[in-house]
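Hi everyone, thanks for coming along. Please pull up the model on your screens, and we can walk through it together.

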Amino acid sequence: MDPGAGALEMEFSIARYDFTAAGEAATKIKRVLRQLGLDAETVRRVAVAAYEAEMNLVIHSTQGGRLALSVDSDKVTLTAEDTGPGIPDIDLAMREGYSTAPDEVREMGFGAGMGLPNMKRCADQFRIESAVGSGTTVEIVVKVPKVGAADA
């Protein structure tokens, strides 16, 4: 990516319980990052985080939400926001395997309780804010390695 280029920004509306479209935003994000020439590991990390964020919006929001992408020369930022029920206990929600997904969602193979932990694992910076009754915002930052930089 050209270091002098301005930031690229995209936004996707994610509908609640729309499992037929689930994953489309993450696929588009992955395609755009490849077209920008980002390295394969950065693309993989962002794509995984985007998919997990998108699925959480589909499964847990009450009215859907938005997934925003911002790319600049040194980082990729994903922001997932909803006006859903909020998360009463963020520490508990961050535990692998903990899920509040309904049984019908689990029967479809989703809601295994890995979404937030996978997002954090893929991130260089991870922030989550939530208030019961107001919704949740998750911000994931993945740093873009400098082209030609020596491995540290």
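I'll go through the pocket, the core, one helix, one strand residue and then the salt bridges.

A word on the basics: this is a predicted model, where local features need pLDDT of at least 70 and side-chain atom pairs count only at pLDDT 80 or more, while totals for chains, interfaces and linings use all residues. Residues are numbered from 1 along each chain as its sequence is written, and side-chain values use heavy atoms, with hydrogens and water left out.

Let's start with the pocket. A pocket here is an open set of points on a 1 Å grid over the protein atoms alone, where a 1.4 Å probe fits, with protein on both sides within 12 Å along at least five of seven lines; its lining residues have an atom within 4 Å of a point. The largest one has a volume of about 660 Å³, counted as the space filled by probe spheres set on the points, which are joined across faces, edges and corners. Its lining takes in 36 residues, and nearest the centre lie Asn56, His60, Ile87, Thr100 and Leu116. Two or more lining residues come from each of α2 (40-60), β3 (75-82), α3 (90-93), α5 (115-122) and β5 (135-143). For those labels, helices are DSSP runs of H or I with at least four residues, strands are runs of E with at least two, and both are numbered from the N terminus. Which element gives the largest share of the lining? That is α2, with eight residues. By class, the lining has 19 nonpolar, 13 polar and four charged residues; Ala, Val, Leu, Ile, Met, Phe, Trp, Tyr, Cys and Pro count as nonpolar, Asp, Glu, Lys and Arg as charged, and the others, Gly among them, as polar.

Now the core. In soluble globular proteins, nonpolar side chains tend to be buried together. We call a residue buried under 20% relative accessible area, exposed over 50% and partly exposed in between, using a 1.4 Å probe and protein chains only. A nonpolar core is a set of buried Ala, Val, Leu, Ile, Met, Phe, Trp, Tyr and Cys residues joined through side-chain atoms within 4.5 Å. The largest has 37 residues, and Leu116 and Ile140 are among those with the most contacts inside it. Its largest share, nine residues, comes from α2.

Next, α5. Six of its eight residues are buried, so α5 is largely enclosed by the rest of the structure. Its cover includes α2, α3, β4 and β5. Leu116 is one of the buried residues in α5. Leaving out residues up to four places away in sequence, Leu116 touches Asn56, Ile87, Ala93, Met94, Phe126, Ile128 and Val138, where contact means heavy atoms within 4.5 Å.

Over in strand β3 sits Thr77, which is buried at 13% relative accessible area. Its contacts, beyond neighbours within four places, include Glu139 and Ile140.

Finally, salt bridges: a side-chain nitrogen of Lys or Arg within 4 Å of a carboxyl oxygen of Asp or Glu. How many are there? The count comes to eight. Arg127 pairs with Glu129 at 2.7 Å and with Glu139 at 3.6 Å. Arg127 lies in strand β4 (residues 125-131) and Glu139 in β5, so that pair ties together parts 12 residues apart in sequence. Glu11, Arg66 and Glu81 are joined into one network by salt bridges that share partners. Elsewhere, Lys75 meets Asp72 at 3.1 Å, N to O, and Lys75 is partly exposed at 31%.
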